[in-house]
Every structure is written in C-alpha cells, then in structure tokens.
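User: I've got a model open and I'd like to talk through its charged pairs and one of its helices. Can you take my questions one by one?

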Amino acid sequence: MVSNSLHARSSEAVCVGSIVIRCHRFEAMAEFWMKALGYAPREASEDGWVVLTDPSGNGPNISLDRVDEPLAPGFDELSPIHLDLYTADQETEVERLLGLGATLYAQPREANADFVVLVDPDGYRFCVVQKLRSSG
C-alpha cells in the first residue's frame, strides 16, 4: 500500500514532458501541429524525429516520430489515445484548425457535446473542447 506522503511526493516529482506521436506524414504533421498549437521545434528535425515545444513553457512537448506505415486507427476503430484541445472559442478554433489541414471526423456529433472531433493530417482524431484551460 502506498502512503499518502509518498503519493503526494511522487505526483510533485513527475509531469508530462512530451506526448509522442508516431506518424507517417511527418512533414505535414510537424507543420500542422506547429501552426495549430503555436509550438516551435526545440531543434531541427533529424532522421524523422522532432520535439515541438510550447514557447511559453506551459504545455507539454509534442514529439513526432516518423514511421514507414500509417498507424492511425480506421474510421470504425477506437483510438487508444487522443489529444483534447481546450478553448474558450470553439467555433473559431475549429474553423482555424480546418483551415490548417484538419478535417471534421465523419461521425454525428453527440447532442449537447462540448467537443468537436477533428482529424489531423495523419488520420489521428483529436477534440476541440469548449472549456477554459484553467478550469481543468
């Protein structure tokens, strides 16, 4: 059994540093996520690897790792992981992301849903959620 003091100490000692996305369309993904999030490469990409960083230092890194074959789930398959992007202006952000190359996920939107599902250039789904970031 883990003691409360150990649990508190451990949670303060770690944080999400980077979310790694293995992608087939590496260049398109790097361009999309840099523009979508306002991130910049920490260093020049090398051998199909790049770490995109939040210039403000607040968000986790998004790391892209090139793979030979597409890995994104098919339309009828659940994705094992996806990103939720929080915004106070969902409609504007959805339109902006569509203009950057995202597509609308071809599934009916749930009634009263606070999220819109989009698909990035490599076929991964992500949500744009109507919520202020600070509200968790």
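User: Is Arg-96 buried, partly exposed or exposed, and at what relative accessibility?
Analyst: Keep in mind that this is a predicted model. Buried would need under 20% and exposed over 50%. Arg-96 falls in between, so it counts as partly exposed, with a relative accessibility of 31%.

User: Which residue does the Arg-96 side chain meet in a salt bridge?
Analyst: Look within helix α3, residues 90-100. The partner sits 3 residues from Arg-96 there, so the two are separated by about one helical turn. That partner is partly exposed too, with a relative accessible area of 21%. The N to O distance is 2.8 Å, and the residue is Glu-93.

User: How far apart are the closest N and O atoms of Glu-31 and Lys-35?
Analyst: Both residues are in helix α2 (residues 26-37), and because they are 4 residues apart, about one helical turn separates them. Glu-31 is partly exposed at 43%, and Lys-35 is partly exposed at 46%. Their salt bridge has its closest N and O atoms at 3.0 Å.

User: Asp-65 and Arg-22 also form a salt bridge. How many residues apart are they?
Analyst: The closest N and O atoms of Asp-65 and Arg-22 are 3.3 Å apart. This pair links distant parts of the chain: Asp-65 belongs to strand β4 (residues 61-66) and Arg-22 to strand β1 (residues 18-23), so their separation along the chain is 43 residues.

User: How many salt bridges does the structure hold?
Analyst: Side chains of opposite charge can pair when their charged atoms come close. For a salt bridge the cut-off is a nitrogen within 4 Å of a carboxyl oxygen. The pair Asp-65 and Arg-22 is one of them, at 3.3 Å. The total for the structure is 4.

User: What span should α2 have, and what are its end C-alpha atoms doing?
Analyst: α2 has 12 residues, at 1.5 Å a residue. The expected span uses one less than the number of residues. That should give 16 Å, which agrees with the distance between the end C-alpha atoms, 16 Å.

User: Which residues of α2 are buried?
Analyst: The cut-off for buried is under 20% relative accessible area. What covers these residues includes β1, β3, β4, β5, α3 and β8. The buried ones are Phe-26, Met-29, Ala-30, Phe-32, Trp-33 and Ala-36.

User: Which residue follows α2?
Analyst: Helix α2 covers residues 26-37. The residue that comes after has a positive phi, near 75°, and is Gly-38.

Definitions and conventions
Residues numbered from 1 in each chain as written. Predicted model: local features only at pLDDT ≥ 70, side-chain atom pairs only at ≥ 80, totals over all residues. Heavy atoms only, no water. Buried < 20%, exposed > 50% of the residue type's maximum accessible area, 1.4 Å probe, protein only. Contact = heavy atoms within 4.5 Å.
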